[in-house]
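Okay, thanks for coming, everyone. I'll put the structure up and then talk through some helices and charged pairs.

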Amino acid sequence: MEKLKLISLYSEFREDLDYIENKLEQSVTSSSPIIQEASLHLLRAGGKRIRPIFVILSSQFGNCSLEEVAKVAVSLELVHMASLVHDDVIDDSDMRRGFETVKSRWDNRVAMYTGDFIFSRALTTMGEIELAAVHELLADTMLEICKGEIIQIDYQGKINQSIRDYLRRIKRKTALLLSSSCELGALVSRTDEATVLKLKRFGYFSGMAFQIIDDILDITSTDEKLGKPAGSDLINGHLTLPILFIKNDVAFQPYLRAALDGTISEQDRLKMLKYIKSTDAIKKAQFVSNLYLQKALNELRGLPECDAKKSLKRFVAFIGKRQY
């Protein structure tokens with residue numbers, strides 16, 4: 001049912017998304033058969049394509065050709081894809097969205113080269129746009145994402161971290177790229193400055209909520225729906241918002257220690273997930289996500305009434321209620 005809602009939500013952009021999808025495939029063409037195969041494997045594993053959608057919708061507040069919009073959308077999706085490949089190496093993950101990761105199907109070396117290749121293709125694609133502000137923003141975005149990767153490694157497995165640390169981390173992990181998607185879509189269509197700023201903030205708040213929901217689903221969803229074991233975030237050493245709410249819970253601490261030191265059994269993993277769901281941690285995390293979604297909606301209030309604005313509102317509703 002949830003996937004049907006998403007398909008329905010995307011139906012009005014199907015033609016534009018198909019065009020962007022074709023451009024994505026073309027962009028990962030490589031003289032190296034292994035790099036091209038690995039890149040296509042990652043691309044065809046799919047994804048929600050939220051970044052391209054946000055680029056498309058934000059561009060509709062101005063005036064821009066699909067060709068220019070696609071260059072921005074492709075560049076940002078490539079940056080996202082490259083960060084996923086590197087994340088999987090860091091976390092030693094074998095599965096993503098139900099597919100083998102690049103590092104699992106090949107090895108870490110191929111994965112790192114593939115991620116670097118995809119990053120470089122993002123820069124090449126964006127380089128075709130003759131607008132300095134766009135290049136500066138993409139460069140800043142990539143720099144902050146790299147900083148975020150380093151921060152995530154630094155905090156991996158550390159219990160002594162705060163909710164503020166977590167929020168700063170997901171800002172660079174997810175929110176920044178969605179914020180840049182909206183800002184770049186608006187910039188390339190020569191939208192007025194006030195609208196660009198509102199869309200930028202809309203993307204940021206939506207991105208914060210999106211990642212919090214992701215972290216909730218890592219606990220509440222099933223292995224089958226996630227395409228990986230539920231609770232993987234904690235097992236990989238990442239303390240997400242629900243975990244931070246109960247990390248000092250005496251009954252939870254044995255699970256926490258076992259998950260972080262790699263000794264948790266399959267039976268205890270399932271017990272751990274059941275215990276977390278029995279607490280108010282999920283409810284608290286959902287409350288924080290809803291606050292960010294309300295902030296995102298507030299940013300839309302001052303924007304002109306149009307189909308793009310209505311679609312952005314529908315995406316906020318989808319983010320808040322999604323189950324996968």
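Before I get to the first helix, one bit of bookkeeping: the expected span of a helix is 1.5 Å times one less than its number of residues. Now take helix H2, residues 14-27. With 14 residues at 1.5 Å a residue, H2 should span 20 Å, and its end C-alpha atoms are 20 Å apart, so the two agree.

I should say right away that this is a predicted model. The mean pLDDT of the protein chain is 91, with 97% of the residues at 70 or more. Among the elements, helix H1, residues 2-10, has the lowest mean pLDDT, at 59. The highest belongs to helix H13, residues 241-246, at 98.

Back to H2. Which residues of H2 are buried? They're Leu 17, Ile 20, Leu 24 and Ser 27. These cover an arc of only 80° around the axis, so they sit on the same side of H2. The general background here is that an α-helix has 3.6 residues a turn, so residues three or four places apart point the same way.

Now my favourite residue in this one, Arg 49. Where does Arg 49 lie? It's in the loop between helix H3, 33-44, and H4. Its phi is near 55°, which is a positive value in a residue other than glycine. And is Arg 49 buried or exposed? Buried: the relative accessibility is 8%, and the cut-off for buried is under 20%.

So what does Arg 49 touch, if you don't count residues up to four places away in sequence? The list is Tyr 10, Leu 17, Glu 21, Leu 24, Leu 43 and Glu 77. Leu 17 and Leu 24 you've just heard about, as buried residues of H2. The side chain of Arg 49 also reaches the backbone oxygen of Leu 43, at 3.2 Å.

Then there's the charge side of things. Side chains of opposite charge can pair when their charged atoms come close. Arg 49 and Glu 21 do meet in a salt bridge, 2.7 Å from N to O. Arg 49 is in the loop between H3 and H4 while Glu 21 is in helix H2, so this pair ties together parts that are 28 residues apart in sequence. Glu 21 is partly exposed, with a relative accessible area of 24%. And the pair isn't the end of it: Glu 21, Arg 49, Arg 51 and Glu 77 are linked in a network of salt bridges.

Right next door in sequence to Arg 49 is Ile 50, which is found in helix H4, residues 50-59. Ile 50 counts as buried, at 1% relative accessibility. Leaving out neighbours within four places in sequence, Ile 50 is in contact with Tyr 10, Leu 178, Phe 210 and Phe 315. Tyr 10 is on the contact list of Arg 49 as well.

How many salt bridges are there overall? The count comes to 18. I'll pick out two others.

One is Lys 71 with Glu 128, where the closest N and O atoms are 3.9 Å apart. Lys 71 lies in helix H5 and Glu 128 in the loop between helix H7, 108-126, and helix H8, 132-155, so the pair ties together parts 57 residues apart in sequence. Lys 71 is buried, with a relative accessible area of 14%, whereas Glu 128 is partly exposed at 47%.

The other is Glu 266 with Arg 269, with the closest N and O atoms 2.7 Å apart. Both lie in helix H15, residues 266-278, three residues apart, which is about one turn of the helix. Arg 269 is buried, with a relative accessible area of 4%, and Glu 266 counts as partly exposed at 48%.

Last stop, the end of helix H5, residues 66-91. Asp 91 is found in that helix and counts as buried at 14% relative accessibility. Neighbours within four places aside, Asp 91 is in contact with Gln 156, Asn 236 and His 238. Then comes Asp 92, in the loop between H5 and strand E1, 95-96. Asp 92 has a positive phi of about 55° although it is not a glycine. And is Asp 92 buried or exposed? Exposed, at 51% relative accessibility, with the cut-off for exposed at over 50%.

That's my tour. Happy to rotate the view for anyone who'd like another look.

Key
Residues are numbered from 1 along each chain as its sequence is written. Side-chain values use heavy atoms; hydrogens and water are left out. Helices (H or I, at least four residues) and strands (E, at least two) are DSSP runs, numbered from the N terminus. Buried means under 20% relative accessible area, exposed over 50%, partly exposed in between (1.4 Å probe, protein chains only). Contact means heavy atoms within 4.5 Å. pLDDT is the predictor's confidence in each residue, from 0 to 100. The arc is that of the directions from the helix axis to the C-beta atoms. A polar contact is a pair of N or O atoms within 3.5 Å; within protein, one must be able to donate a hydrogen and the other to accept it, and residues adjacent in sequence count only if both atoms are side-chain atoms. A salt bridge is a side-chain nitrogen of Lys or Arg within 4 Å of a carboxyl oxygen of Asp or Glu.
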